[in-house]
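Colleague: Thanks for sitting down with me over this one. Could you walk me through the model, one question at a time?

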Amino acid sequence: MLHLKDLQFSYPQGKALHKINLKIDQGTHAALIGESGCGKSTLLNLIYGLLQEESGEITFEGKILDGADFHLVPGHPMMKYVPQEFDLMPFTTVFENVGEHLSIQIDDRVSRIADLLHIVDMSDFKDRKVKTLSGGQKQRVAIAKALAQQPKVLLLDEPFSNIDNFRKNDLRRSLFSYLKKENITCLIATHDKDDVLPFTHQTIIMRNGHIIDHRKTIDCYQKPFNKYGASLFNEVNVIPVGWFNNAEEIICYPEQLAVNEKGIEVIVENSYFKGADYLIQATYQDETLLFNSLEKLETGQKVKLALKSN
Ligand SMILES: Nc1ncnc2c1ncn2[C@@H]1O[C@H](COP(=O)(O)OP(=O)(O)OP(=O)(O)O)[C@@H](O)[C@H]1O
């Protein structure tokens with residue numbers, strides 16, 4: 001188990017993390033989400049030992065992990081980190097980069113590197129020098145390199161941000177199924193709900209250096225505590241008391257509203273094509289509402305809208 005107890009950290013400019021408490025069981029995949037600047041990268045840097053905590057403690061399997069002040073070479077042997085600015089050797093090949101820390105005595109070294117390159121779909125590039133790769137290709141090499149020494153914990157900071165949609169989904173599926181098979185704990189900081197919803201067991205929501213929610217990912221999505229939490233996943237409507245005979249304010253996603261004859265009458269402002277359907281922007285009592293529609297609706301059109309029943 002990875003255990004963070006009352007962890008605090010400040011930069012000279014001010015406090016970045018306040019009393020962070022977190023327990024992550026081995027093999028868990030957890031997403032770290034929150035607005036830009038809320039402290040996600042700082043937390044990953046602390047866990048990996050690139051920074052020194054001001055107070056508090058990090059333990060892994062019951063042993064204290066010392067911070068940066070106690071290491072000449074930062075990091076912990078059972079942990080790997082793929083930061084936003086990944087660290088590769090530009091003038092050597094993809095193959096050499098992935099195998100950099102793998103002992104040359106290992107019998108299956110070549111096949112291990114080949115397997116890892118397959119996971120990140122970079123087998124065809126194994127002899128290419130890293131400096132000749134695109135940003136997304138470098139990102140994939142950095143992930144393979146992080147996996148090479150079979151870490152128990154993998155820390156990822158926006159790992160798919162440079163990768164095209166065409167490859168991203170394949171890569172996510174193959175990476176997370178590998179992590180599951182090998183029982184590797186993964187903490188992934190991301191702004192992309194498609195990294196979070198299909199692949200993580202738990203979600204940790206951060207705001208202003210605090211953890212404000214830590215539950216199963218499905219609960220964070222379906223039962224958000226507030227608008228901030230919900231808006232990290234999707235567009236959000238806040239429905240005032242009474243619009244749908246509701247006794248309390250309702251936070252809901254566009255997919256939870258639908259055209260329905262028994263609903264309130266809204267005026268369509270815009271239709272945005274999204275592929276499978278349209279996102280409709282409408283107004284009711286001068287407030288904006290967002291909902292999905294299979295058909296395009298015309299600006300000025302009046303439609304009735306209700307909450308979908310679950
Ligand atoms: N090296 C630094 N020196 C001073 N302040 C820093 C440093 N790095 C980050 N900060 C500040 O600490 C806070 C947390 O930053 P951090 O990079 O951890 O946020 P984040 O949630 O990872 O953001 P993003 O989603 O944009 O990557 C921010 O206010 C940021 O400006």
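Colleague: Happy to start with the overall layout. How far apart do the C-alpha centres of domain 1 and domain 2 lie?

Modeller: Bear in mind that this is a predicted model. Domain 1 covers residues 2-231 and domain 2 covers residues 237-307. The whole C-alpha trace spans about 70 × 45 × 35 Å along its principal axes. Between the C-alpha centres of the two domains, the distance is 38 Å.

Colleague: And what average pLDDT does the protein have?

Modeller: Let's take the complex before the residues. The predictor gives the complex an ipTM of 0.98 and a pTM of 0.92. Per residue, 99% score at least 70, and the average pLDDT is 93.

Colleague: Good to know. Which helix gives the largest share of the shell around the ligand?

Modeller: The residues surrounding the ligand include Tyr-11, Gln-13 and Ala-16, as well as Lys-40, Ser-41 and Thr-42. By class, that shell has three nonpolar, seven polar and one charged residues. Its largest share, three residues, comes from residues 40-48, that is, helix α1.

Colleague: Now the interior. Which helix contributes the largest share of the largest nonpolar core?

Modeller: That core has 58 residues, and Leu-32, Ala-144 and Leu-155 have the most contacts inside it. The largest share, six residues, comes from residues 135-147, which form helix α4.

Colleague: How many residues are in the other core, the one that lies apart from it?

Modeller: Among the members of this other core are Cys-252, Val-266, Ala-282 and Leu-307. Its total is 13 residues.

Colleague: Back to Leu-155 for a moment. Which residues is Leu-155 in contact with, leaving aside its neighbours within four places in sequence?

Modeller: Leu-155 is among the residues with the most contacts inside the largest nonpolar core. With those sequence neighbours set aside, its contacts are Leu-44, Ile-47, Tyr-48, Met-79, Tyr-81 and Leu-187.

Colleague: Let's turn to Lys-63. Does Lys-63 count as buried or exposed?

Modeller: Lys-63 is found in strand β5, residues 63-64. A residue with 12 or fewer C-beta neighbours within 10 Å falls in the exposed class. Because Lys-63 has 9 C-beta neighbours inside 10 Å, it counts as exposed.

Colleague: One last distance, then. How far apart in space are Lys-63 and Ser-271?

Modeller: In sequence, Lys-63 and Ser-271 are 208 residues apart. Lys-63 falls within the bounds of domain 1 and Ser-271 within those of domain 2. From C-alpha to C-alpha, the distance between Lys-63 and Ser-271 is 55 Å.

Notes
Residues numbered from 1 in each chain as written. Predicted model: local features only at pLDDT ≥ 70, side-chain atom pairs only at ≥ 80, totals over all residues. pLDDT = per-residue confidence, 0-100. Near = placed C-beta within 6 Å. Helix = DSSP H or I, 4+ residues; strand = E, 2+ residues; numbered from the N terminus. Nonpolar A, V, L, I, M, F, W, Y, C, P; charged D, E, K, R; others polar. Domains from an automatic or database assignment. Core = buried A, V, L, I, M, F, W, Y, C linked by C-beta atoms within 7 Å. Buried ≥ 20, exposed ≤ 12 C-beta atoms within 10 Å, placed from the backbone. Contact = placed C-beta atoms within 7 Å.
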